[in-house]
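Trainee: Could you zoom in on one spot and walk me through its surroundings? I'd like the cut-offs spelled out as you go.

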Amino acid sequence: MPEKHAHSAPVILWFRFDLRLHDHAGVRAALETGRPILPLYIWDEQPATRPLGAASKWWLHRSLESLDADLQRHSSRLIVERGAPQIILASVAKEYGAKTIYCSQTFDPQNEYNDEGVAEELSAAGLELKRLNNTLLALPGTLCTQAGNPFRVFTPFYKALQASGACDIETLPDLPSKPWPRPNRWPKSLTVADLGLKPDLTPSGQDWSQGFSRFKPGEAGARGALRHFLRNSLQDYEKERDRPDLDATSHLSPHLRFGEISPQRILHEIDRATEANHPLASGAAKFRAELAWREFSYSLLAQQPRLHEINFRRDFDHFEWRHDDKQFRAWCRGETGYELVDAGMRELWQTGYMHNRVRMVAASFLIKHLLIDWRRGEQWFWDCLVDADPANNPASWQWVAGSGADAAPYFRIFNPITQAGKFDPKGEYRAQYIPSYPHLSTKPVHSNSSTELFDEPGNVSTYPQPIVDHAFARDRALQVYKNRVADEEYEP
DNA sequence: TGAAATGTTGGGGCG
DNA sequence: ACGCCCCAACATTTC
């Protein structure tokens, strides 16, 4: 009976990377108390983990607006604050008499560790921080090998995940559509716009993020993307998922990253779509495996909390990467002279996204053709991708570099020409992002880390020649990787 | 979730 | 009719 508690102490619902209302254990638990609910977002200027990239901030801004709109449909609002979470939480709780705070675990180990401290501090003030899983199918660390060790290879991990029953979704309870109980007084808060998360306009006044329009941040956008994918692309997903020239993938990654949809919901909807339609089954199986890769990445992040800066295989610590700012810059700008790589890098810059197949080719090019440290590429992606994820991004880069678990063998070197012929046969994808050269001059400045990269127009009037010869680079990479120090000393 | 080098086979042109 | 060569097509091995 919500009415009974309408004047009782409220509970705080602290949102972070769980920006949705459905399929959310914290939302459910808060509603079940029947108490007034204070939905809260805190922008932390000094986060415990590395700060969000520019593209992610843009997404966050839009997603918070969407969450606020969704809350208004329940006669509530999103309360927005800025500062250190433990201080904000304690002060809001004190002012409104709240004793319980619900939040979701982030599964970023550094942040989890920080949360422990926050929970202790709050506990000393008589407040309980309830941390729930709204992010993963299986908690990292719950799956291990027969010897009791965490998995280092994907396939056995995936088998264990399936055997655990975590992928069998029985039912997902509906979110009641009734108004949420409110406290007598409503906090005066900032607005989402006050946080200033939107990137600056270009010098020419052009909004850099207009290229991001293929996405609709927020829970409704996530549901829409899933519906579109199930209806149009699941059937041929196995066959066409590697084709950047087609609309063949789910585009759910940024929605998952910001918790606008749960993996359980995705599995549930896939099952429902598949039951009625058998031809979808092979595509469904392939897509389920992709979701499992996300779980695998988080299990690796649990094993190596500094996954974005430390080689998972420590024998890579002695690898002698080349230091070549000029070539790194060319790669960032999409000026390597290899069309598929350049199209991908321009897609990234213009849209905050890159097709997965192209990510592999572009990453392989930086690492193997240019022999530049994978961390530099990872950081660039972190800054530019709307789906930049603390587990997926570093795990995938390390996979390409060969320094990761279950990584690509050192001799697997993508030929960007061959890859283009196979996966963009008509050149439509390449033409979309390299319509005529140069195009970078109209591009805005947005990057956290490398603003100087794009602050002046390219002065090249024709498409560049390859910055490195493929055959030469391939042989060089094979040599360097083969002679890598301590290669033969590696033991898991 | 490669690519290139090397090996094998078989059809066809040709003296 | 036969052997020889060429080479595409495919398979295997190597990096």
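Mentor: Sure. Two residues are in contact when their C-beta atoms, placed from the backbone, lie within 7 Å. This is a predicted model, so local features need pLDDT of at least 70 and side-chain atom pairs count only at pLDDT 80 or more, while totals for chains, interfaces and linings use all residues. Residues are numbered from 1 along each chain as its sequence is written, and chains are lettered from A and ligands numbered from 1 in the order in which they are written.

Let's settle on His 268, which sits in helix α10, residues 263–275 (helices are DSSP runs of H or I, at least four residues, numbered from the N terminus). Set aside the neighbours within four places in sequence, and His 268 is in contact with Ile 169 and Leu 172. Glu 170 comes into the picture too: its C-alpha atom is 8.2 Å from that of His 268, although 98 residues separate the two along the chain. Is His 268 buried or exposed? Partly exposed, because 16 other C-beta atoms lie within 10 Å (20 or more would make a residue buried, 12 or fewer exposed, and partly exposed is in between).

For a contrast, try helix α16, residues 392–401: 10 of the 10 residues are buried, so the rest of the structure largely encloses this helix. Among those buried residues are Trp 397, Trp 399 and Val 400, along with Asn 392 and Asn 393. The buried set packs against α11 (281–303), α14 (356–369) and α15 (374–384). Just past the end of α16, Gly 402 adopts a positive phi of about 90°.

Key:
Helix = DSSP H or I, 4+ residues; strand = E, 2+ residues; numbered from the N terminus.
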